[in-house]
Amino acid sequence: MRVVLSGPPGAGKGTVARALVAQDGSVPISTGNLLRTAVAEGSPLGRSAEGYMLRGDLVPDSIIRGLVERQLRECADRGFILDGFPRTIPQAVSLEFIMLQLELSLDLVANLAVPIDVLLERLANRRTCSNVLCQEIYNLKSDPPEAGNTCRRCGQPVEPRPDETEHAIHAQLKVYREQSAPMAGHYQRKGLLLVVREADTKAAVAQILGAVAARRRCPVE
Ligand code: AMP
């Protein structure tokens, strides 16, 4: 499938993406994970992106676009779940251009619309595997790591992300409200938007899979 996941920080995009790719072998493309890997490797791209990420700001499009385009070219045949891109209307337009070049179309854009109190609770309890090749996501209450705060997949320490300070989270939420939320109207007009109000991962995944199947039976022109 070819699906975009959008939603504020803490909405569960990463968790839903992992559940969706398990269904059909689509490739998860998380711009946040790719950027964190670049930062950990100390690559020029990572060094350029790090300051923006720590502040909770968007990394400039000049950095993001090439990163996404490379990934999409590599997995064009297998399908993909885009998590964290696009985040603005100009990025959505860039994605349309890339898809046109690859002669692909999106199945749908799922907006995970989770209430603010649930977001804040999740962000306070979110922990991520520090191994950038893993980045498994945990929740201290509903899905805790192994004893000693280690990852059940790779055994590395599980920690809060460096951009999960109160200041950065506040900035991320503001960026979402001002720059990402308006994408809903853009995709609504294209007939691609699915608003998912289920906070529960299983229910959200079921709703997305149902909508993708319906779209395939009856495509929107
Ligand atoms: P995420 O893991 O999706 O929460 O992303 C973490 C951080 O990476 C964001 O707060 C941004 O600084 C940066 N980032 C991720 N995706 C994008 C994007 N599409 N455009 C700009 N910055 C991004």
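**Exercise 1. Determine where Arg 122 is found and what surrounds it.**

Solution. Arg 122 belongs to helix 6, which spans residues 116-125. The model under study is a predicted one. Leaving aside residues up to four places away in sequence, the contacts of Arg 122 are Gly 10, Ala 11, Gly 12, Val 114, Asn 139 and Ala 199. Turning to charge, Arg 122 is buried but forms no salt bridge. A salt bridge requires a nitrogen-to-oxygen distance within 4 Å; the nearest side chain of opposite charge, that of Asp 200, is 7.3 Å away from Arg 122. A polar atom of the Arg 122 side chain does, however, lie 3.0 Å from the backbone oxygen of Ala 11.

**Exercise 2. Establish how helix 2 and helix 4 are oriented and which residues meet.**

Solution. Begin with the axes: those of helix 2 (residues 31-41) and helix 4 (residues 61-74) come within 11 Å and cross at roughly 105 degrees. Helix 2 is therefore roughly perpendicular to helix 4, because angles of 65 to 115 degrees fall in that class. Next, identify the residues: helix 2 contributes Thr 31, Leu 34 and Leu 35, which meet Ile 63, Ile 64, Leu 67, Val 68 and Gln 71 of helix 4.

**Exercise 3. Identify the salt-bridge partners of Glu 136 and the network that results.**

Solution. The structure contains 12 salt bridges. One of them joins the side chains of Glu 136 and Arg 18, at 2.5 Å from N to O. This pair links distant parts of the chain, 118 residues apart: Glu 136 sits in the loop between strand 5 (126-129) and strand 6 (137-139), and Arg 18 in helix 1 (residues 13-24). Glu 136 counts as buried because its relative accessibility is 12%, whereas Arg 18, at 28%, counts as partly exposed.

Glu 136 also forms a salt bridge with Arg 153, at 2.6 Å from N to O. Arg 153 lies in the loop between strand 6 and strand 7 (158-159), so this pair ties together parts that are 17 residues apart in sequence. With 52% relative accessibility, Arg 153 counts as exposed. Through shared partners, Arg 18, Glu 136 and Arg 153 are joined into one network.

**Exercise 4. Locate the two residues of the salt bridge between Asp 107 and Arg 216 and classify their exposure.**

Solution. The two side chains meet at 2.6 Å, N to O. Asp 107 is in the loop between helix 5 (89-102) and strand 4 (108-112), and Arg 216 is in helix 9 (residues 201-217), so the pair ties together parts 109 residues apart in sequence. Asp 107 counts as buried at 7% relative accessibility, while Arg 216 is partly exposed at 47%.

Terms used:
Residues numbered from 1 in each chain as written. Predicted model: local features only at pLDDT ≥ 70, side-chain atom pairs only at ≥ 80, totals over all residues. Heavy atoms only, no water. Helix = DSSP H or I, 4+ residues; strand = E, 2+ residues; numbered from the N terminus. Buried < 20%, exposed > 50% of the residue type's maximum accessible area, 1.4 Å probe, protein only. Lys, Arg positive; Asp, Glu negative; His and termini not counted. Polar contact = N/O pair within 3.5 Å; in protein donor to acceptor, adjacent residues only side chain to side chain. Contact = heavy atoms within 4.5 Å. Axes fitted to C-alpha atoms, helices over the stretch in contact; angles between N-to-C directions. Parallel < 35°, antiparallel > 145°, perpendicular 65-115°, else oblique.
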